[in-house]
Amino acid sequence: MSAKAISEQTGKEFLYKFIFSSAAVQNRFRYANVTPETNFDKLTQEHPWLLTERLVVKPDQLIKRRGKLGLVGVNLDLNGVKNWLKPRLNKEATVGKAKGILKNFLIEPFVPHKQEEEFYVCIYAAREGDYILFHHEGGVDVGDVDAKAQKLLIRVDEKIDEDQVKKALLTKAPNDKRAVLASFIVGLFNLYEELFFTYLEINPLVVTKDGVYVLDMAAKIDATADYICKAKWGDVEFPPPFGREAYPEEAYIADLDAKSGASLKLTLLNPRGRIWTMVAGGGASVVYSDTICDLGGVNELANYGEYSGAPSEQQTYDYAKTILSLMTREKHPDGKVLIIGGSIANFTNVAATFKGIVRAIKDYQEPLKEHEVTIFVRRGGPNYQEGLRVMGEVGKTTGIPIHVFGTETHMTAIVGMALGHKPIPIQPPVAAHTANFLLNSNTTSTPTSRRKETVSVQKTKVEGSPAKKVKTGTSVAKSTVLFTKQTKAMVWGMQTRAVQGMLDFDYVCSREEPSVSAMIYPFTGDHKQKFYWGHKEILIPVYKNMGDAMKKHPDVDVLISFASLRSAFESTMETMEYPQIQTIAIIAEGIPEAHTRKIIKAADEKGITIIGPATVGGIKPGCFKIGNTGGMLDNILASKLYRSGSVAYVSRSGGMSNELNNIISRTTDGVFEGVAIGGDRYPGSVFTDHVLRYQDTPGVKMIVVLGEIGGTEEYKICEAIKQGRVTKPVVCWCIGTCATMFSSEVQFGHAGACANQASETAVAKNKALKEAGAFVPKSFDELGDIIKNVYDDLVAKGVIQPAEEVPPPTVPMDYSWARELGLIRKPASFMTSICDERGQELLYAGMPITEVFKTEMGLGGTLGLLWFQRRLPRYACQFIEMCLMVTADHGPAVSGAHNTIVCARAGKDLISSLTSGLLTIGDRFGGALDAAAKQFSKAFDSGMLPMEFVNKMKKDGKLIMGIGHRVKSINNPDMRVQILKDFVKQNFPSCQLLDYALEVEKITTSKKPNLILNVDGFIGVAFVDLLRTCGGFTRDEADEFVDIGALNGIFVLGRSMGFIGHYLDQKRLKQGLYRHPWDDISYVLPEHMSM
């Protein structure tokens, strides 16, 4: 959500820190916070003024009208404050219908003042701008300020000044206080804008001869502006509404939500309730809550929440296990029900998300059975059949009663079943598999009545080019027709899946050309992207610069923006600079409201229709669809969206728009056009914009509106019906009727789904719509029935004349999606068994990376996982790390370091220099580990005595690898070898091969002192002992690792550290190009050539 209430203390802290005004704001930062854990001795040390001043104390828990409720202690000393708190602190209180614990209080200095020095000021956001309300009489008895107060609208992008404030707001204020008040209000408004407040009320605001005092304050800020205001806001805590506790599980889900591109929400209403929900989609989650409350379950409804936006399997697992954990803590005498519901998804892979839920159910199967939990599932969308199958299977294997339903069942029918109001079907209809829709078939038919190519659709202007924009004063009239079969669009963002979905829709609608002309992606250079047009591959250009794209594609008039919430504002404003664009769809959720309002203003001035933000888009069957609207091809075909129908709809919710496609296709001849305007408080276009378009479109015969709690736009539909501006039948239902039944305020999934006054409730709007003449069902459950009745009536009157259905052309299934559905198989190009980065967490040989750190495996343990796929013993990990340390470097003179240095001094980069050094590693330098291990192992395993081994190697004329050193000798031992030898002797369970090599060393050093077992040879033989005796490998596995070069890898890895060190050293010393000196080169030319 966007607008979130903050505590009075937080609001005042923002004001005191950032207000800029010539008015003297008094008592800055003079407040103290009291909770049940407060130590008053420490509190007085931090705030010594508590001991010397008269005080005011009040709860700071989003409670309205505290003064009238007797929750403000006034003009007290500190002992008086303590006595006042005793019967209240940590005690239950009732405020309206809400009961809660008073546990957070604010103490401030008492400000002596007269009644005439109290004023009221409030700033709140509206679509057209921000309203400032001022009343010259403030305090607890201010009354109906909306009726009393003077009001000033500061329109979007307008500035405020003191003269304006004095003329509009301060005419009744005392003359001697007008200048101070004007300066303060201007400063307050600028603060409000700068810190992205959406509501700010001060009552009373006291102005005395000493200055301005902010006594009581209530405020909301736009939480989506966190990325802009973080530096000033800091870490803001958003307290829950009074009467609802802040649960750690809510905070956990909020944290998951913040870290995810998906949407995850959870609000606990009654943790002891027996009805729990796990609903996909912001709109659907409200509909399910409504239905539960309508059927009498309000007191047993445990939670409100939603998951949407294609969460990963791991994210849905984390979400589901949180719900299951909560619902299995306390038993209920009647058992419990879990409703896993949702509308028909547009782009979420239902099977993938259900896998996470199934994992959670398996983990909690015993508690679920113990608490007698019954689960009801209803879902549709991409791959939903597989998701439902998996869900049904887990019910059978665990013994948990799970009832599974698909799109053939009305979305909320499972609620009636769960609450015992409807029978549970013994054998629900089996929906066809996704793939079946994509096969050539002539058996497709309209579910309700046979459909004709509508006689009433006039193929005049509606099917031609979009209407031209006509200037009317400051704004420009917007086109009635947004999309036709010739519409060309541009997509902002590298959303290849959405674009391919649009092209498949175009193809199945028998469009002559693709609807997507180009893509814009600023993060790569201009190039072409490959897509499919039916069976054929085509290329669509991708531009880095929007100007280039517009110039080369002048026929484009629609832009679909998949820009992120951070870049959507700038990219949309840039788009509107090009006159050819008449419609923009903004998909991003979480754009700050202040930015959205600027977009709306610019769009109105230019006559551009905005769909969104926070939307899936819209669809015009047979013509054009925006992005992922309508879902995958199976849903496009099932809902008959490939050809035009007679019913147009407008909805806020994207997921619910797909549900409307399903309902309308099952009860009428189909959809003519559908738009999801988005769930934000200020959508770019509103219900009436589209309802009036539909009224003026001949092909539309009836209109369906799915409204929502919050805002007053639905009342404009009422007025349009009453005034005769809308004459076509309108079926309307506003979701969110449950809100009036809750004891505390609940913020639903959409940012705009919150009623700030009685007229904004869904109940009030449904009542007004019915009185105006719209067809309003009793509940969402009945929406389909009402639509069918109105449609049948229009058919009976001859307004709609259904005709024959024409099967659409077939579209091949994408390879990736066919593989996802399990319809095909293909051998992989690569196989890997050491690492998997695909899930929520990186896995090393099956071990999560968090576990790697938790167990402190170190570098040696990590190497054991990645090289040997084993969790090695601690001593083995330490030995590997010691080997890396002793092989890290051996000075600049050795060939590898020398090459690295020469390369670095030649100006080459780190990778080139490192590679130059590594390429010298072989049998003569550093690569003796493997060879030594093989030679000694072969001799030892064959039973050859050390002396026999030495003699044989001499006879064969071969060097014993790992024996000999240029500098070190038996009299000047290599301390690296000594350190490793001591460790191996103390920690290895057995070191037979090392002992054998040491016997060989005795023989070789007796002949020449420097023929010692060197560090390469030592590591080689000790590593063989490690592999053979640590218990993690068979003998064959140990020998295989030696054969494939694992031991040389130790030297390569260790010495890379040294080579990098030499490279950095040369760069730091700024050494120039190396040239070998002549006097160090013997020039041995043939004599006859030199003569």
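Which residue in β4 is the bridge partner of Val57? Let's find out while walking through this model, which is a predicted one. The partner of Val57 is Gly73 in β4. That pair belongs to the link between strand β3 (residues 55–59) and β4, which run antiparallel and are joined by two bridges.

Stepping back, both strands sit in an open sheet of four strands, ordered β2-β7-β3-β4, with antiparallel pairing. At the edges stand β2 (32–34) and β4 (73–76); each has a single partner strand, so one side of each has no neighbour in the sheet. From one strand to the next, the twist averages 25°. Two helices join the picture here. Helix α1 (residues 8–18) packs on the sheet and touches β2, β3 and β7 (105–109), its direction making about 40° with that of β7. Helix α3 (residues 78–85) lies across β2, β3, β4 and β7, and runs at about 20° to β3.

Now for the chain as a whole. The domain assignment gives domain 1 (3–233), domain 2 (261–424), domain 3 (482–615), domain 4 (644–804) and domain 5 (857–1069). The centres of domain 1 and domain 5, taken over C-alpha atoms, are separated by 73 Å.

Let's move on to another sheet. Seven strands make up this open sheet, in the order β24-β25-β23-β22-β26-β27-β28, with mixed pairing. Its edges are β24 (527–533) and β28 (609–611), each with a single partner strand, so one side of each is left without a neighbour in the sheet. Neighbouring strands here are turned by 25° against each other on average, direction ignored. At one edge, β24 is joined by seven bridges to strand β25 (residues 536–543), and the two run antiparallel. Phe531 has Ile538 in β25 as its bridge partner. Helix α17 (residues 568–575) lies across β22 (489–492), β26 (558–561) and β27 (583–586), running at about 175° to β27. In an unreviewed entry, UniProt lists residues 482–591 as "domain: CoA-binding". That span is 25% helix and 29% strand, and its end C-alpha atoms lie 24 Å apart.

What about the interior? In soluble globular proteins, nonpolar side chains tend to be buried together. The largest nonpolar core in this model has 103 residues, of which Ile560, Phe624, Met702, Val704, Val705 and Phe780 touch the most other members. Leaving aside neighbours within four places in sequence, Val704 is in contact with Val647, Ala648, Tyr649, Val650, Leu660, Ile664, Val731 and Ile787. A second, separate core of 63 residues includes Phe868, Met882, Val950 and Val1042.

Phe868 also appears in helix α27 (residues 858–868), where the buried residues include Gly860, Leu863, Leu865 and Phe868. After α27 comes Gln869, whose phi is positive, near 55°. Further along, helix α37 (residues 1046–1068) holds His1062. With a relative accessibility of 10%, His1062 counts as buried, because the cut-off for buried is under 20%. Not counting residues up to four places away in sequence, His1062 touches Asp889, Gly891, Pro892, Ala897 and Ile901.

For a contrast, is Lys767 buried or exposed? Lys767, found in helix α23 (residues 762–772), has a relative accessible area of 53% and is therefore exposed. Its C-alpha atom and that of Ala931 are separated by 88 Å, with the two positions 164 residues apart along the chain.

Conventions
Residues are numbered from 1 along each chain as its sequence is written. This is a predicted model: local features need pLDDT of at least 70, side-chain atom pairs count only at pLDDT 80 or more; totals for chains, interfaces and linings use all residues. Side-chain values use heavy atoms; hydrogens and water are left out. Domain bounds come from an automatic or database domain assignment. A nonpolar core is a set of buried Ala, Val, Leu, Ile, Met, Phe, Trp, Tyr and Cys residues joined through side-chain atoms within 4.5 Å. Buried means under 20% relative accessible area, exposed over 50%, partly exposed in between (1.4 Å probe, protein chains only). Contact means heavy atoms within 4.5 Å. UniProt positions are given in the numbering used here, feature names are shortened, and annotations may be inferred rather than shown by experiment. Two strands pair if DSSP finds at least two bridges between them. Axes are lines fitted to C-alpha atoms, for helices over the stretch in contact, and angles run from 0 to 180 degrees between N-to-C directions.
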